[in-house]
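Student: I should like to learn how to read the packing and the strand pairing of a model such as this one. Where should we begin?

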Amino acid sequence: AEDDSEDPLDGGHFIILHTSNPVIQTIVGVESHGFGQQGKLGKYPMHFHMCDSVEGSVVSKLSVRNTKQRGIVVHGTNDLYLSENILHNTRGHGFMLEDGGETGNTFVRNLGAVSHGVTIRISDDESDTNPATFWMTNPDNTWIGNVAAGSAFSGFWFEVGARVRGPSQAVYPDMIPNTLALRHFIDNVSHSNSQGLQTYPQQGYRPESLAVFRNHKSYRNRLSGVFFHAGGRLSLDGAYLSDNNIGVLIDVDHSDVISNSVIIG
């Protein structure tokens, strides 16, 4: 056990460590306030750490408020089901896939509202000074019916790289996240952020087959409703974009498709 810290940037943290299927984790209806330890690796309000497949495990109806660092972190863990969780007033990234090797996770009807940048980053390699409510390093996962509102930077950010990082790199040495297919991205909403949905920067998201973002709603974002950068073969189908400074910004991208969509203002 550790003594209580007097540092105002230190709070509690909750970790599931190296616990894979067939052990089933059911974490439902838990509230946390002021959790996370800013600038410290692995100290997050809710954290699945290097668990491999946790098929059957559920994280649902959590209320995670006023965090010191990040929100719900899925790290080196696959096949987790996360539904109807709320993050409010967080610092750093909210719902996040940490290393880029995480696959088969499902995010359904989660809400993140009001996210701020951190003062102290874990390292210079982290981007938590520009927080994303949903920070996604591997597209081979599912996001359905989630809402990202009021982020200081991005609502949904696919910051995918050309290789897996961290301890997961040894597990997936040949995986190239930014070329993987997008499993499911359907009926998500981003509003009142700086960027609504973006694939910037890193090496760009350039899947081998068309990645379809279906029925995305993005409105009242201060910069772009959607920003596709330095990749290609990305598709908006059934999008509704309204009252953004820029509806769709496509920069150094190729072979993108916009279909069945409404763009206003």
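Student: Leaving aside its neighbours within four places in sequence, which residues is F48 in contact with?

Tutor: This is a predicted model. A contact here requires heavy atoms within 4.5 Å. By that criterion, and with neighbours within four places in sequence left aside, F48 touches I16, Q25, I27, V59, V73, V74, H75, T77 and L80.

Student: How many residues has the largest nonpolar core, and which have the most contacts inside it?

Tutor: That core has 36 residues, and F48, W143, F158, L182, F185, L197 and F213 are those with the most contacts inside it. Several strands supply at least two of its residues each, among them strand 4 (46–53), strand 7 (72–78), strand 16 (154–158) and strand 20 (211–214). Strand 4 provides the largest share, three residues. Another core, of eight residues, lies apart from it and includes Y44, I122, A132 and W135.

Student: How should the sheet be read, and in what order do its strands run?

Tutor: In general, the strands of a sheet pair through backbone hydrogen bonds, in either a parallel or an antiparallel manner. In this case nine strands form an open sheet with parallel pairing, in the order 3-6-9-12-15-18-21-24-27. Strand 3 (31–33) and strand 27 (262–264) are the edge strands, each pairing on one side only. From one strand to the next, the twist averages 10°.

Student: Over how many bridges do strand 18 and strand 21 pair?

Tutor: Strand 18 (residues 189–191) and strand 21 (residues 217–219) pair in the parallel sense over three bridges. Within this pair, V189 stands opposite K217 of strand 21.

How values were computed:
Residues numbered from 1 in each chain as written. Predicted model: local features only at pLDDT ≥ 70, side-chain atom pairs only at ≥ 80, totals over all residues. Heavy atoms only, no water. Pairing = 2+ DSSP bridges. Helix = DSSP H or I, 4+ residues; strand = E, 2+ residues; numbered from the N terminus. Axes fitted to C-alpha atoms, helices over the stretch in contact; angles between N-to-C directions. Core = buried A, V, L, I, M, F, W, Y, C linked by side-chain atoms within 4.5 Å. Buried < 20%, exposed > 50% of the residue type's maximum accessible area, 1.4 Å probe, protein only.
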